[in-house]
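Reader: I have a structure to go through and some short questions about it. Can you put it up?
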Amino acid sequence: MLWPRFSSLLALVLIFNSVHAAPSQSGDARLIQFKDASGDLQTEWVPQAALNYLAGSRGSVDRTADIVADMSSAALDAITSVNRGPGFLDVTEFQNTVTEKRALKKRAYATPNPSNYPFLQDTYFNQVSADGLYDIVDVLSNNFTTRGYHSSVARAPALWIQQQFEGIVGSANVTLVENSFNQPNVIAKIPGTNSSEIVILAAHLDSTSGDPGSENRAPGADDDASGISILFQTAQILVANGYQGSRTIEFHAYAGEEGGLLGSQTVARQYASDGAEVVAMLQMDMVAYQPSDKPVLTVLTDTDAALVAWTQDLVTAYLSEDTLHTSTCGYACSDHYSWEDNGYPAVSIDESGPYDSSLNPYYHTMQDTIDHLDFDKAVEFVKMGLAFVVEQAA
Ligand code: BES
Ligand code: ZN
């Protein structure tokens, strides 16, 4: 029985070799990961210049252009099939570990039950404030020209977020996790009373209006300053009421999401290699563009089935007046994928999926501004953040 083991080892070595020996690896190239037409994961080295060209030509890509001549048609298909984002994961920093993933540790979740946590609906939900959310999105989208992770000012919004979190949970409970670029991830926590297990509520702190390396205006009010505002207010309300779970609650603000989930990959891989026990991760990415009469909470159903079903139950149990919608991304559209990819159950609740007709038409443009958003409806996402972490961390 030695052979099968040996052959899988050999296969692993061959995969590593093929990654390292790729012809276009030299120079300024990035290793991208994407899904092909059959849904299989592929990796490919692509010149940075080709990626810049593709990012700047959304909707009108010339597939015969010299700059993309060395790219496979599968990679071009993947990149051009998505709405406005890059359509791939940048795994350049992780090329030695792309094949060594922790298997998904599935969990069973007890049905959400508001009567077990009456303080949520009786007290906490009444403390949610639309004005408070507005003020946070105002600073993030207007006081910083861009939050682009490769811009010269990439670090400033992360430091502002760090400072805000320090004011909420205390500086001993806030850490920066550095990346290979000059924008760190920010992690804030409310320690649990008797468990090393972790529940995560997350959003991304960077923005883009096409090229995350440019100094151009990129307000990213909806994408994803809105998500960051939900993290702050959820944390604030928990702390104001002296809430502590038995599990630790962590708030993650990720850098470089728009470059291919860069910051969240760094964090999730670190947690996996440290053997951290994350029981559930919830990403909120674009929550405040709400053009319909009732607030719409969209659960993206691509990830762990048990957590996805539980999250839908959570919306129905706690926010019965709102519209529960489900949708799919079909690709690694936000940071929850980094967790799922590293073996942790993760889910996302957003205003819509990327292919829904209610998609914010301004996202990834200079018009993704605060005046297009509805904070009276965004408050429902704070309630979801509160219910999610309290139910999971109890
Ligand atoms: N916020 C978007 C993802 C999204 C779009 C969610 C529309 C819900 C509705 C995110 O910031 C993004 O742009 N993701 C990229 C992929 C990522 C790997 C850079 C995308 O969607 O192409
Ligand atoms: Zn986003």
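Reader: Which residues are buried in helix 5?
Author: This is a predicted model. In helix 5, the buried residues are Ala130, Leu133, Ile136, Val137, Val139, Leu140 and Ser141.

Reader: What do the buried residues of helix 5 pack against?
Author: They pack against helix 6 (155-169), helix 7 and helix 11 (375-393).

Reader: How many residues has helix 5, and what does it reach from first C-alpha to last?
Author: Helix 5 covers residues 130-143, which is 14 residues, and reaches 19 Å. That is close to the 20 Å expected at 1.5 Å a residue.

Reader: And what does Ser129 do at the start of helix 5?
Author: One of its side-chain oxygens comes to within 3.4 Å of the backbone nitrogen of Asp131.

Reader: Now the metal. Which protein donors does the zinc ion (ligand 2) have?
Author: His204 donates through NE2, Asp223 through an OD atom, and Asp285 is listed with two OD entries. These donors lie 1.9 to 2.5 Å from the zinc ion.

Reader: Why is the arrangement around the zinc ion called irregular?
Author: Because the six donor atoms around the zinc ion subtend angles of 54 to 168 degrees. For six donors to count as octahedral, opposite ones must be over 155 degrees apart and all others between 65 and 115.

Reader: How are the donor residues spaced in sequence?
Author: The pattern is H-x18-D-x61-D. His204 sits in strand 6 (residues 198-204) and Asp223 in helix 7 (residues 221-240), so this pair ties together parts 19 residues apart in sequence.

Reader: Is His204 buried or exposed? Same for Asp223.
Author: His204 is buried, at a relative accessible area of 0%. Asp223 also counts as buried, at 3% relative accessibility.

Reader: Back to strand 6. In which sense does strand 6 pair with strand 8?
Author: The pairing is parallel, over five bridges. Ile198 has Val278 of strand 8 as its bridge partner.

Reader: What about strand 8 and strand 11?
Author: They run parallel too, joined by three bridges, with strand 11 spanning residues 346-350. Gln283 is partnered there with Ser348.

Reader: How many residues of strand 8 are buried?
Author: Six of its six residues, 278-283, are buried.

Reader: Last topic: Lys35. Where does it lie, and is it buried or partly exposed?
Author: Lys35 lies in strand 1 (residues 29-35). At 45% relative accessibility, Lys35 counts as partly exposed.

Reader: What is Lys35 in contact with, leaving aside neighbours within four places in sequence?
Author: Its contacts are Asp40, Leu41, Ala78 and Gly330.

Note on methods: Residues numbered from 1 in each chain as written. Chains lettered and ligands numbered in written order. Predicted model: local features only at pLDDT ≥ 70, side-chain atom pairs only at ≥ 80, totals over all residues. Heavy atoms only, no water. Donors = N, O, S within 2.8 Å, 3.2 Å for Na, K, Ca; no water. Tetrahedral: all angles 85-135°; square planar, octahedral: opposite > 155°, others 65-115°. Helix = DSSP H or I, 4+ residues; strand = E, 2+ residues; numbered from the N terminus. Buried < 20%, exposed > 50% of the residue type's maximum accessible area, 1.4 Å probe, protein only. Expected span 1.5 Å × (residues − 1). Contact = heavy atoms within 4.5 Å. Polar contact = N/O pair within 3.5 Å; in protein donor to acceptor, adjacent residues only side chain to side chain. Pairing = 2+ DSSP bridges.
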